[in-house]
Structures are given as C-alpha cells and as structure tokens.
Amino acid sequence: MAATAAGLNWRRVSSFTGPVPRSRHGHRAVAIRELVIIFGGGNEGIADELHVYNTVTNQWFLPAVRGDIPPGCAAHGFVCDGTRILVFGGMVEYGRYSNDLYELQASRWLWKKVKPQAPSTGSPPCPRLGHSFSLYGNKCYLFGGLANESEDSNNNVPRYLNDFYELELQHGSGVVGWSIPVTKGVLPSPRESHTAIVYCRKDIGSPKMYIFGGMCGCRLNDLWELDIETMTWSRPETKGTVPLPRSLHTANVIGNKMYIFGGWVPQSTGGEISTHDGEWRCTGSFCYLNLDTTEWIGLIADCQEDKSNSLPGPRAGHCAVAVGTRLYIWSGRDGYRKAWNNQVCCKDLWYLDTEKPPAPSQVQLIRATTNSFQVKWDEVPTVEGYLLQLHADSPVPSATGIHAAGVPETSVLSSQGSGSSLHQSPQSLPSVPYPEVKVDHPSSTNNIIPNNVQVSLSSNSLKVEGKEKVAASENKITQEMMKKHADATGFKESNAPSLLPVCTSSPQTSANVGELHDLDKRTVNPDASVSSTVSSTQSMVTQQAVKTESSSTNGAVVKDETSLTTFNSKSEAAETACTVPSTRINTGQTNDSHSSKPPQRQMAPVKTRDRQWYDVGIFKNNSAVVSQFYLLPEETMSASNKMESANVPDYRLLKKQDLFPGTVYRFRVAAINGCGVGPFSKISEFKTCIPGFPGAPSTVKITKSVDCIHLSWEPPASPSGNILEYSAYLAIRSTQLQENPSQLVFMRIYCGLKTSCVVTAAQLSNAHVDYTSRPAIVFRISAKNERGYGPATQVRWLQGKISVRR
C-alpha cells in the first residue's frame with residue numbers, strides 16, 4: 001500500500017461517546033487546544049448546531065450556546081483566534097447566501113453578531129459561499145467564492161468571485177472593519193470551494209498566503225502565493241507531481257507542509273483540462289506541498305483503492321483540522337447527487353499523526369520509598385503512550401533464557417512517603433527508534449497499558465485498542481489562594497480566561513486535573529500528584545489554574561545544623577559516558593519525510609559503570625509507579641552494545657528486576673504516536689531511600705494571609721521511630737544561583753516539633769522564583785528521627801504574572 005510505503009498510519013476513531021452529530025458536508029472545523037469545534041454544513045437541511053469533539057477523552061458534546069446564535073449555514077468562512085471563532089457568510093438556505101459576520105467567545109460559549117465598518121473605498125463583501133477566510137495576526141483575509149446574481153433565491157445565477165478583502169480585528173473581541181488592500185501582480189482567477197492557508201517561514205519571516213484549486217466552471221489545480229507584507233500576488237514554481245484539479249478539498253498546515261486531502265476531481269483527466277467539467281467524482285488522494293521548497297509529495301494516489309478500510313474513503317465537502325501535529329478528518333459526502341437534500345455522506349472520524357512527538361519534559365519525582373518511585377512528566381498532546389526507561393549506578397544483572405509464564409503485577413506504591421532529589425540535565429538525547437513488539441501489560445495503579453489492550457509498536461506505528469482508564473488528580477487547592485495572589489511580594493495571579501463547563505460531562509479526565517467542587521479543601525497532597533490543576537471535568541477547554549506543585553526530594557539531605565544549604569543538579573553532559581538504548585531497529589523505510597534513521601552512537605571514553613538503558617514499560621498516561629524494570633537477555637544486551645539491530649523480546653518472557661534501597665537511578669521518557677517513538681527527554685536522577693530514616697512529610701497546605709503565608713503538613717506515614725523535629729526551607733536568591741541556575745540555594749525558615757510554620761513577607765521578598773517549568777517559589781520540608789533527617793517534601797507554589805527585582 002502507498003500509505004504504508006509513505007509511513008502513514010491512519011486511525012479510525014470508533015470508541016467515542018456523547019451525542020454524535022449527523023453526517024454532513026459543507027461544514028467547517030477549527031481547533032482550540034485539544035478540542036475540535038464543528039459548525040454548519042448540510043445533509044437533510046442545513047445544520048445550525050455547534051458540536052465539539054474532545055480529542056483527549058474521545059467525547060462529543062453540545063455546548064449550551066447563548067447570545068446572537070447564527071442561523072445554520074454551509075460553505076462558510078470559519079477561523080479561530082485564540083478562544084474566539086469568527087463565522088462569515090455561507091449558504092443559509094438553497095440559493096440564498098449570507099454576508100453576516102458572527103463571533104463566538106468559546107470561553108463562555110457566547111455568540112455575538114458583529115457589524116464591521118464598510119471599506120473606505122468600495123463596497124463591503126457581497127453575500128457568498130465557498131470563499132476562503134484566513135487568519136494571520138489581527139487580520140482575516142477573504143478571497144473569492146460564489147455569489148447569486150439573481151435576487152430570487154429560487155433562480156440561481158452563479159457568479160464566481162475573485163475579490164479580496166481584509167478584515168481588521170479588535171484585540172480579544174469585536175472587529176474594526178473591512179478594507180480592500182491594494183495588491184500588486186495578477187489576482188488569481190475567480191473561483192469557489194478552493195482552499196487558502198497562511199504560512200511564515202522561520203528563517204525568512206515573511207508571511208505568505210497560498211490558494212490552491214477550486215471551481216470555476218471546471219476544477220482547478222493552480223497554486224497562488226500572496227506576500228502579505230508587500231501584498232504581491234505570484235504563481236510560485238513547484239516541483240513534483242501537481243495534484244489533480246479539485247474543489248471541496250481541505251488544506252491544513254502542519255510544520256512546513258500544506259496537506260491536501262480529498263475533494264471532487266474530474267472523472268477523466270487525459271490531455272488538457274477542459275474548460276467545462278462533465279463528470280466528476282470524489283477522491284481519497286492525499287499529498288502535501290513542502291512550503292519551504294514548493295515541492296509536491298504524493299502520499300496516497302488518487303487511483304488507490306483501499307479494500308482493507310485502513311484509509312479514509314473518498315470524500316468531498318468534509319472538514320479537516322490540525323490538533324498539534326495530528327490531522328483529523330470528519331464526515332463529508334462520498335458521492336454526488338443533484339439534489340442538495342439527497343447527499344450520500346460519510347459518518348466516520350479519522351486521524352493521522354504526521355510527525356513523531358516531541359520529547360516530553362524531564363521525569364519528575366512525586367515520592368520515593370526504599371524500593372519504588374512514583375514519577376510523572378508533563379503531558380505531550382496527541383500521543384498514545386510513553387516509553388519509560390531507566391539505568392542504575394550499580395551493576396544490573398542480565399537475564400539469560402528467561403521464559404516466564406507471565407508478568408507479575410506491578411507492585412502498588414506503599415504508604416511510606418519518601419523521596420529523592422530531582423537532578424535536571426540540560427542536555428537533550430537523540431531520538432531512539434523502537435522495534436516492533438506486541439505487548440500485553442499488567443494492569444496496576446501506575447496506569448500502565450492494561451493487559452486487555454493490544455499494543456503493536458514499531459518505529460512508525462502504535463495501535464491501541466481497548467478502554468482507557470484515566471485517573472483524576474487528587475490534589476486540591478483553595479479559591480482563597482487563587483484570589484489573593486497579589487500582595488506586597490509582587491506576585492499576581494494570571495487572569496487567563498477559562499472555558500466554562502457546558503452540558504455533557506465526562507467521568508474521565510486527565511491525570512493532572514482536579515475538580516471544582518473540591519476547591520475548599522485547601523490541600524496539596526504530594527503523595528497523590530506532582531501538581532494541582534483547577535478545572536472542571538465537564539469543561540472541554542481547561543485553564544491551568546495551578547498554584548502548587550509538590551514532590552519529594554532526597555540525596556543531599558538538608559542537615560539540621562545548617563541554615564543555608566545548596567542542592568546540586570548533576571548534569572548528564574558532565575559525565576562522559578555514552579547513551580545506549582535498550583533496543584535498536586532497522587526499519588527499512590526510505591521515505592525521509594515519515595521515517596528517521598537510527599541515531600549514530602556517540603563514542604566516549606570507556607566508563608566502568610554500565611550505562612545500559614532498561615525498559616520500565618509503556619504507559620498510557622503521564623505518570624507511573626516504578627518498582628521494577630525489565631531485564632534483557634544477555635545476547636540482546638550484547639547486540640545492543642555492539643550497535644547491531646536486535647529483536648526485542650516479548651515483555652511477557654522477560655524477568656523483572658526490583659529496585660534496591662539507597663541506589664541512584666536515572667530516568668528518561670519518550671512519547672509515542674502513530675509515527676513511532678519520539679526523542680527522549682532530558683535525564684532525571686533519583687535515589688531510593690535508605691531504611692531507618694523517616695519518610696517525607698505529606699499533605700502540605702498553604703494558606704495565604706495579608707502579610708504572610710502559613711505552611712502546614714502532616715507527619716510522615718512511616719516515621720521509623722520518634723520524630724524529633726521538622727525543618728522547613730525556602731529557595732532564595734543568591735550569586736551562587738546566578739552562576740549555576742540548576743543549583744538551588746535553600747535557607748531554613750523553621751525548625752521545631754510543630755507541623756506548621758509562618759513564612760513572613762520579609763522572607764518571601766528574598767525568595768528565588770524557579771522558572772524550570774512554570775514560575776514557582778520552592779519550599780522543602782523534612783523530618784528528623786534518631787537516625788537523622790529523611791527526604792524532604794518539595795512544594796512549588798506556582799505564581800502567575802510576576803515581577804521580581806534582581
């Protein structure tokens with residue numbers, strides 16, 4: 001199959017929930033973060049509902065919209081600017097077109113009809129359909145479309161347009177007015193049902209609008225370019241095979257590529273394109289234009305028949321939208337009938353990952369025990385899983401000839417709250433390919449893919465079938481903290497709007513999402529999650545209203561006799577060892593746009609310490625409990641160390657190695673999507689706890705007062721004896737920190753038996769604001785027993801927009 005040769009892996013979505021919209025064509029779609037928002041179109045009449053699809057939860061829902069709700073329309077203009085959407089024109093009933101402009105504030109699901117000023121020269125745009133409506137900066141660009149010359153909607157006299165308008169927007173809400181730009185060069189010929197996109201090269205920085213195809217008595221396949229800065233039209237020269245003439249197709253920009261899918265194409269294309277179309281048909285062809293080199297690359301041939309249903313079928317008038325680097329396609333007509341109300345429409349939803357996912361953030365520690373870690377990392381959009389790996393300072397035994405009947409259940413994290421310091425490495429690792437393997441993973445609390453889910457993983461594919469179970473965060477914070485962040489310390493809460501919940505709620509949400517109705521508990525539990533996020537399980541677009549993050553730290557434990565202590569972050573780059581992935585593969589792929597060559601191993605001085613990376617597992621969500629890792633057979637390790645391709649053993653046949661107390665482990669994680677395994681994150685380093693020391697304090701609470709904050713905590717779940725005292729520390733500014741930003745400097749602000757303390761405004765004025773992820777003030781709290789101080793619980797008090805004097 002051409003799709004396989006090109007490295008494509010289309011997925012049909014079949015497990016969605018909620019009220020699915022009826023199939024249609026002529027509708028439009030935009031994306032707001034993980035949401036696909038669809039409006040209009042027609043099949044049995046013209047649709048006027050607004051449908052939303054959550055790509056994370058696979059859920060459809062109908063927002064409870066209000067305000068000046070527009071009538072249903074089809075073939076309209078539809079653009080998204082932040083969290084507002086603009087709708088212009090379209091067909092509102094057969095033969096009757098519109099030139100009205102509506103604005104939707106998606107943060108409140110509020111519609112408003114807006115009336116832009118008329119241009120100073122000329123008339124405003126006439127009613128039309130099939131036009132293009134493109135956004136760049138604070139301006140929308142309207143081109144072409146189809147108008148009805150007759151005032152009688154029953155007497156349709158088509159007129160193809162090539163007029164060009166500019167609509168200036170006001171910031172946040174509202175519009176200024178239309179204008180008719182003075183352009184140079186030759187305008188594109190009149191057309192409707194074409195596509196237009198805007199692209200700006202990173203190295204040049206000059207925004208360009210590209211118009212492709214459309215209909216003007218016959219299908220077109222010409223490409224036009226408008227330099228938005230100079231307002232100059234031109235016909236760029238292209239390389240490669242130009243797609244067939246078409247209309248009612250879609251065009252989407254992902255990276256530096258304009259992806260063209262589907263549409264109506266002429267039935268026969270022998271010789272010159274005729275001036276008048278006779279027969280035409282829908283196509284399922286798929287290609288892209290490299291916008292940097294203007295080269296056409298075909299991915300799915302127009303004549304390709306797919307009887308395995310592994311590709312989207314031919315269609316026209318569908319919608320396509322990019323969510324990150326993933327392309328979604330929904331509905332559209334799969335045949336042609338003369339009558340508007342007698343269309344054959346698709347009912348399927350497809351997506352395609354066009355690039356490997358980026359590297360996730362460094363692995364973060366939530367807590368550690370003597371033989372386990374609870375870790376997490378930031379979510380990567382539109383991925384299907386994460387590959388977590390580790391290696392240890394101490395030698396790890398090999399496993400030869402292991403034939404286990406099954407994999408034991410991953411042990412549940414014990415209640416012994418303890419931890420290890422997070423060492424951040426500034427050096428990114430190269431992308432490591434991962435060979436094909438079928439995995440049945442045990443189900444456990446660390447959201448590893450359960451054993452009733454089949455995972456087929458290769459360097460360009462990961463197929464997941466089965467129900468997802470996504471744990472909600474247990475962390476809660478107070479509205480009081482959110483409302484009172486502005487004080488003498490100069491820290492202010494971000495006022496970014498959140499999208500309110502609407503009607504359909506989901507019982508599932510991402511692992512870092514809290515619940516609005518529990519905001520009054522004022523608790524940050526480091527044993528439950530690294531972060532507390534305020535949002536609604538009903539809301540389809542959430543504001544990250546996080547105010548605290550918490551984790552445990554160990555390693556260079558704060559000594560009780562010091563008031564100023566530094567914590568070093570060990571750099572992986574400082575160690576001259578090389579990185580050896582646990583597996584290698586030769587994929588045999590030749591298409592550079594959808595495959596990557598195995599990275600060359602960097603030679604380094606010989607180290608006595610084994611640097612073999614071991615798989616912890618493939619995880620569906622962005623957190624894990626790690627108490628074991630997989631051992632590779634000796635011959636596999638040997639082959640990997642020799643840079644040879646190795647067959648990855650079935651995880652079910654591998655022995656697992658338990659973690660040891662008091663041992664340093666390094667972690668890295670890579671995201672997986674339909675294109676394969678992306679690059680690994682920077683390396684984090686944690687140490688398991690030593691028996692006999694107290695665990696880390698838990699359930700840290702932060703209460704804001706006018707001139708101070710109150711810290712409180714609960715004793716360790718495993719004190720290992722009598723607690724003699726607690727110490728609380730604050731990360732402060734220092735010249736040492738300026739010289740080495742990865743080395744935090746802490747000042748002790750409390751020592752005593754009480755499980756609470758007050759942090760004064762004077763102390764906060766000297767606080768260091770950590771920008772490694774989100775701006776935060778860092779606290780650490782540790783407990784001491786007869787053996788000494790145990791690991792500290794680290795709490796990051798997240799800040800909004802801040803201004804700190806240095």
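**Entry 1: Ser361**

I started at Ser361, which sits in the loop between strand E29 (349-353) and E30. I'm working from a predicted model here. Buried or exposed, or something in between, for Ser361? Its relative accessibility is 23%, so I put Ser361 down as partly exposed; the cut-off for buried is under 20%.

Next I asked which residues Ser361 touches once its neighbours within four places in sequence are left aside. I got Trp377, Asp378, Val669 and Ser681. With Asp378 I found a polar link: a polar atom of the Ser361 side chain lies 2.9 Å from the backbone nitrogen of Asp378. I also checked Lys376, which is 15 residues from Ser361 in sequence, and the C-alpha to C-alpha distance came out at 9.4 Å.

**Entry 2: the cores**

From there I went to the nonpolar packing. The largest nonpolar core has 26 residues. I wanted to know which of them have the most contacts inside it, and they are Phe373, Val375, Leu388, Val626 and Phe667. Which elements give two or more residues to this core? I listed strands E30 (364-368), E31 (373-376), E32 (385-392), E39 (614-619), E40 (623-626) and E43 (664-673). E30 is the strand that follows the Ser361 loop.

There is a second, separate core of 23 residues, and I noted Val745, Ala767, Val795 and Trp797 among them. A reminder to myself: in soluble globular proteins, nonpolar side chains tend to be buried together.

**Entry 3: aromatic pairs**

I ran the ring search over the whole structure and it returned 29 aromatic pairs. I looked at Phe373 with Tyr665: the ring centres are 6.0 Å apart and the planes meet at 75°, so I called the pair edge-to-face. Phe373 is in strand E31 and Tyr665 in strand E43, with their positions 292 residues apart, so to speak a link across distant parts of the chain. Both residues are buried.

Then I took Phe667 and Phe686. Their centres are 5.6 Å apart and their planes are at 40°, so this pair is tilted. Phe667 belongs to strand E43 and Phe686 to strand E45 (residues 684-687), and the two are 19 residues apart. I found both of these buried as well.

One more aromatic item went on the page: Trp10, Tyr259, Phe261, Phe286 and Tyr288 form one cluster.

**Entry 4: arginines over rings**

Where does Arg219 lie relative to Trp280? I found Arg219 over the face of the ring, at 4.5 Å from the ring centre. Arg219 is in strand E19 (residues 219-227), and its relative accessibility is 2%, so it counts as buried. The side chain of Arg219 also makes a polar contact of 2.7 Å with the side chain of Ser247.

I noted a second case at Arg326, whose charged end sits over the ring of Tyr351, 4.0 Å from its centre.

**Entry 5: positive phi**

I looked up two non-glycine residues with positive phi. Arg33 has a value of about 50° and lies in the loop between strand E2 (28-32) and strand E3 (35-39). I logged Arg33 as partly exposed, at 47% relative accessibility.

Ala75 has phi near 55° and is in the loop between strand E8 (66-67) and strand E9 (77-81). Why does Ala75 count as buried? Its relative accessible area is 15%, and buried means under 20%.

**Entry 6: Glu49**

Glu49 is another loop residue I checked, between strand E5 (45-46) and strand E6 (50-54). Its relative accessible area is 26%, and I have it as partly exposed. Not counting residues up to four places away in sequence, Glu49 touches Arg22, Arg24, Ile38, Phe39, Gly40 and Leu62. Leu62 is 13 residues along the chain from Glu49, and their C-alpha atoms are separated by 7.8 Å.

**Entry 7: whole protein**

I closed with the totals. How many helices and strands does the protein have? I counted five helices and 54 strands. Of its 806 residues, 57% count as buried. For contacts with a separation of 6 or more, I get 69% from residues 24 or more positions apart. The exposed area is about 32900 Å², and carbon and sulfur atoms supply 50% of it.

Terms used:
Residues numbered from 1 in each chain as written. Predicted model: local features only at pLDDT ≥ 70, side-chain atom pairs only at ≥ 80, totals over all residues. Heavy atoms only, no water. Core = buried A, V, L, I, M, F, W, Y, C linked by side-chain atoms within 4.5 Å. Buried < 20%, exposed > 50% of the residue type's maximum accessible area, 1.4 Å probe, protein only. Helix = DSSP H or I, 4+ residues; strand = E, 2+ residues; numbered from the N terminus. Contact = heavy atoms within 4.5 Å. Areas by Shrake-Rupley, 256 points an atom, 1.4 Å probe, with all protein chains shown as cover. Phe/Tyr/Trp six-rings, centres within 6.5 Å; stacked < 30°, edge-to-face > 60°. Lys NZ or Arg CZ within 6 Å of the ring centre and 35° of its normal. Polar contact = N/O pair within 3.5 Å; in protein donor to acceptor, adjacent residues only side chain to side chain.
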